[in-house]
Amino acid sequence: MDRPKRSLRFAVWSLISSTVSIWSILAVTNLSGHSLLIGSFGATAVLLFAVPDAPLSQPRNLIGGHLISACIAVILVATLGTNFFTIGFSVGLSIFVMYLTHTLHPPGGATAMIGVLGGVGVDFILFPVFIGVMILLVNALVVNNLVHHRKYPVVWF
């Protein structure tokens, strides 16, 4: 099976836009004093800046997937604590709820696991998840629409 030809221009723009987006989160972290960077945002950058037209990269999935997963982490930590069961269940339950709500975003599973592993409280939903996701979304809206070979989003909801 032949693989589709790759565009160097697209790859370079993905490199630049993802780098700038993570730097944006770090800059807001430095200004605000709130740690806003979590590992799942690296995976989100792959989706937003390497496959911006993919269904799992769209704003509904980006925002909903991360927020649902963050809420699940907070609820599990508050009710069951951080343990063998909740670490695995956080990922499975996040996938289940994202699937049912049409908000599948693979990095959301990592957001849930990061939250449970960190024993997070309700503030996790706002800092880092919501604010970090909004920074990534704004970056995706700007950089993916600056060049003629991209358009983002394909659909909002």
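The questions and answers below walk through a predicted model, helix by helix and then through its unusual backbone sites.

Reader: Where is L26, and is its side chain part of a patch on the surface, of what area?
Author: L26 has its place in helix α1, which covers residues 8-32. With a relative accessible area of 37%, L26 counts as partly exposed, because that class lies between the 20% and 50% limits. Together with L8, V12, L15, I16, V20, W23 and L37, L26 makes a nonpolar surface patch of about 740 Å².

Reader: Which elements are included in what covers the buried residues of α1?
Author: Helix α1 has 25 residues and reaches 36 Å from its first C-alpha to its last, close to the 36 Å expected. Its buried residues are W13, S14, S17, S18, S21, I25 and T29. What covers these buried residues includes α2 and α6.

Reader: How far apart are the end C-alpha atoms of helix α6, and where does α6 bend?
Author: The 24 residues of α6, 123-146, should span 34 Å at 1.5 Å a residue, and the end C-alpha atoms are 34 Å apart, which agrees. The helix nevertheless bends by about 30°, and the residue at the bend is V129.

Reader: Which helices do the buried residues of α6 pack against?
Author: The buried residues of α6 include F124, P128, V129, G132 and V133, and also L136, N139 and V143. These buried residues pack against α1, α2 (40-50), α3 (59-80) and α5 (107-117).

Reader: What is I68 in contact with, leaving aside its neighbours within four places in sequence?
Author: I68 has its place in helix α3, and it lies 9.4 Å from T111, C-alpha to C-alpha, although the two are 43 residues apart in sequence. Once the neighbours within four places in sequence are left aside, the residues in contact with I68 are V97, M98, T101 and T103.

Reader: Which residues does a cis peptide bond join, and what is omega?
Author: Most peptide bonds are trans. A cis peptide bond nevertheless joins F127 and P128, with omega about 20°, and P128 has its place in helix α6. Another cis peptide bond involves P153, in the segment after α6; this bond joins Y152 and P153, and its omega is about -5°.

Reader: Is H102 buried or exposed, and what is its relative accessible area?
Author: H102 has its place in the loop between α4 (84-100) and α5. Although H102 is not a glycine, its phi is positive, about 60°. Because exposed means over 50% relative accessible area, H102 is exposed, with a value of 59%.

Key:
Residues numbered from 1 in each chain as written. Predicted model: local features only at pLDDT ≥ 70, side-chain atom pairs only at ≥ 80, totals over all residues. Heavy atoms only, no water. Patch = residues over 30% accessible without salt bridge, like charges linked within 9 Å, V, L, I, M, F, W, Y side chains within 5 Å. Areas by Shrake-Rupley, 256 points an atom, 1.4 Å probe, with all protein chains shown as cover. Salt bridge = Lys/Arg side-chain N within 4 Å of Asp/Glu carboxyl O. Helix = DSSP H or I, 4+ residues; strand = E, 2+ residues; numbered from the N terminus. Buried < 20%, exposed > 50% of the residue type's maximum accessible area, 1.4 Å probe, protein only. Expected span 1.5 Å × (residues − 1). Bend = angle between axes of the 7 residues up to and from the residue. Contact = heavy atoms within 4.5 Å.
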